[in-house]
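Me: Could you take a close look at the cysteines in this structure for me, and set them in the context of the chains around them? I'd enjoy one connected walk-through.

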Amino acid sequence: MSHCNIGFSRVLVCAAFALVLGNGATQAQESLTVLSFGGNFQEQVRDAWYKPAADKIGVRLIQDTLTTVADLRAHVQAGSKSWDVVQMAGASCEAARQEGLLENLGLTAEQLSGIPPEMVTDKYVGVLRYGDLLTWNTTAFKGRAPSTWADFWDVKTFPGTRALDARPTFTLEIALLADGVKPGELYPLDVERAFRKLAEIKPHITTYYTNGAIATQLLKDGEIDLMPLYENRVYEAIREGVPLGYSQQQAVNDINCLAIAKGSTKIEQARRFIAAIAEPSMNARLANHTFSSPANIRATETGVIGKERLTQLTLSSEVAASQVTMNYQWWAPRNRDLALRYKAFIGQ
Amino acid sequence: MTSLSGAGSRPTRTSNVEKRDRLHSALLAIPALLLVVLVLMLPLLWLVLRSFQYEGALSLGHYANAIAGPNLGHLGDTVSLALCVTAAAALLAYPTSYAIWLLPRRLAGMALLFIMLPFFTSALVRTYAWLILLQRRGLINSFLIGNGLIERPLQLAYNFLGTGIGMVHVLLPLAILPLYAAMRSVDTGLVRAAASLGASPARAFWTIFFPLTMPGFISGTVIVFVLALGFYITPAILGGGRVVVWATLIETTAVYDPDWGAASALGVLLLAVTLAVLSCASLLSRRVFGSSRHA
């Protein structure tokens, strides 16, 4: 027993030394804690942006993950200060801004040049965009392929199993586009009309997916023939050999933003980090690592993006005029009520 | 009944030694109790307090919202799903436990192992396994179509039925284990005595064996019911969004509502329903079984 104890205390002493030495070594370079959605996606974003941006401004990158604004809310309300930069989807960014969960961004117009003005606020900046595309299993539709959201509603011409997002964001937009609302006249959303249109297709919906991974699996298994799906998932599944077709017409685009978590002790470094990622040539790198599009409109001029990828980007497609950008400012204050209403609607 | 269970109770001999032992074992529980208070009771208390704060004031506003609109319907769905699952689990658990009880000891151990193995597997994994079995091109539909028994695939997943099947499978061991323990503690001499007094096997089973196993049966079904009420993973996955239960409602509210109080009120309501069920069950079993003790 006693021998064992001595061994253990030695280990402890060594560990303490290691800690002290380790701290000494890292103090030379400060760390920055950055959060994204985890999984494959975060690895790709790390390679495209986080690592080079951290190297550029001379900080050591620490990564963590979050899922929605609820995680940030819990973190901030607990008085924790360990998070610095967060990456979230549009409606979460806006909700976090309105709930006071973010520090001031404090970046100049010059630092953010090329980012579309509607993606810039005092608290966050949009750095990527991704579309929700009509996606189908090509083995299910031999011959004529669907192309618009009206086709998703057309169960006679395109019989097959269908799935929808379990959240109302994207879904209400899709319903209204299917009902003939013009992209430019979409907002403010006619919620009642959207639910009426959804009620038409509801009997034909097999399941409602809660995230992109589940949705992709449904297509892979042949369980679902037709669904709206995020473009990065679409391309990734195609690369894995899933026989998918997709339409960029009437795509509903959302953004991811970068913001500084309330309570961050490294606001200066966080600002420089975000500015580095917003800058066109760094922003462009994303297209080579993921299937999302950079937000900076000058990213396509930098020559960083490969030719083939450039043609794939949803926003550079010929049908860009038929697409819409999600108005997350409209969504943020209504998300809770509409999420619960939609949940009750699909549960009826 | 009373005299039967009295036969199994210990003789009343409370020496000083026994008192001291009891005190010592109570002391042993203190660290665990502290942990429970610290990590369970305090956050729970915080949760309850938050649920009564509405827009900065002490109010029942969150509770009014919690039972407003379609939420009462969701509560009804949750309870009826839990009832169906509990009934199915109870009906499956009794014959299964009885069959295991009849087996020779070694085989019974094996059989229990087969029941425990899935129990030790994550509910998430088991739920996905059921999805693979139940979906449109899943094993069950492929088998049925392959054999010409049906023409179109049956809708087994993404509905109430699929959710129920998955939940029964996940929760069944929790019904079987207390029941089997109760069966094991039955004095078989009593069943033989009944037979020697002329009772038919069926009569001996229903008047002697079955009532003696009821405490285990009830605790098993109550555990299943209570867990089914708060079940999240299986309804979320096998329900495909179309089965809205209380736990998924709490999740949606916690994600979208900036005020924790809203989700807290839903949680407190679920806790209240659960406690009500537990106390009803304990009252019922105490009334039916008098002084007999059960887990």
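Reply: Of the 295 residues of chain B, 39% count as buried. Please keep in mind that this is a predicted model. Chain B contains 14 helices and two strands, and its C-alpha trace spans about 65 × 65 × 30 Å along the principal axes. The accessible surface of this chain comes to about 16,700 Å², with 71% of that belonging to carbon and sulfur atoms. Among contacts in chain B with a separation of 6 or more, 72% are between residues 24 or more positions apart. As for charge, chain B has 19 positive and 9 negative charges, and their mean positions are 16 Å apart.

Now to the cysteines, beginning with chain B. The sulfur of B:Cys84 has its closest cysteine sulfur in B:Cys280, at 19 Å. Since a disulfide calls for sulfur atoms within 2.5 Å, that distance is too far for a bond. B:Cys280 is likewise in no disulfide, the nearest cysteine sulfur being that of B:Cys84. On the question of cover, B:Cys84 is partly exposed, with a relative accessible area of 44%, while B:Cys280 is exposed, at 53%.

Where, then, is the one disulfide that the structure holds over all chains? It joins A:Cys93 to A:Cys257, with a distance of 2.1 Å from S to S. The pair links distant parts of the chain, 164 residues apart: A:Cys93 sits in helix 4 (residues 90–98) of chain A, and A:Cys257 belongs to strand 8 (residues 244–260) of chain A. The angle about the S-S bond is -105 degrees, which makes the link of A:Cys93 and A:Cys257 left-handed. Both A:Cys93 and A:Cys257 are buried.

That brings us to the nonpolar interior. In soluble globular proteins, nonpolar side chains tend to be buried together. Here the largest nonpolar core has 111 residues, and those with the most contacts inside it are A:Trp49, A:Leu72, A:Val86, A:Phe152, A:Leu198, A:Met227 and A:Phe273. The largest share of this core, eight residues, comes from helix 2 (residues 39–57) of chain A. Another core, of 47 residues, lies apart from it and includes B:Ala89, B:Tyr180, B:Phe209 and B:Val245. Back in the largest core, A:Phe152 is a good residue to click on: leaving aside residues up to four places away in sequence, A:Phe152 touches A:Leu134, A:Arg162, A:Ala163, A:Leu164, A:Ile201, A:Ile205, A:Leu226, A:Met227 and A:Pro228.

Two further spots round out the picture, one in each chain. In chain A, the buried residues of helix 9 (residues 231–239) are A:Glu231, A:Asn232, A:Val234, A:Tyr235, A:Glu236 and A:Ala237. Just after helix 9 of chain A comes A:Gly241, with a positive phi of about 95 degrees. In chain B, B:Met110 is part of helix 6 (residues 105–120). B:Met110 is partly exposed, with a relative accessible area of 43%. The C-alpha atom of B:Met110 is separated by 27 Å from that of B:Ala228, which lies 118 residues apart from it along the chain.

To return to your cysteines: A:Cys93 and A:Cys257 are joined in a disulfide, whereas the sulfur of B:Cys84 is too far from that of B:Cys280 for a bond.

Conventions:
Residues are numbered from 1 along each chain as its sequence is written. Chains are lettered from A and ligands numbered from 1 in the order in which they are written. This is a predicted model: local features need pLDDT of at least 70, side-chain atom pairs count only at pLDDT 80 or more; totals for chains, interfaces and linings use all residues. Side-chain values use heavy atoms; hydrogens and water are left out. Helices (H or I, at least four residues) and strands (E, at least two) are DSSP runs, numbered from the N terminus. Buried means under 20% relative accessible area, exposed over 50%, partly exposed in between (1.4 Å probe, protein chains only). A nonpolar core is a set of buried Ala, Val, Leu, Ile, Met, Phe, Trp, Tyr and Cys residues joined through side-chain atoms within 4.5 Å. Contact means heavy atoms within 4.5 Å. Accessible areas come from the Shrake-Rupley method with a 1.4 Å probe; for residues, only the protein chains shown count as cover. Lys and Arg count as positive and Asp and Glu as negative; His and the chain ends are not counted. The place of a charge is taken as NZ of Lys, CZ of Arg, CG of Asp or CD of Glu.
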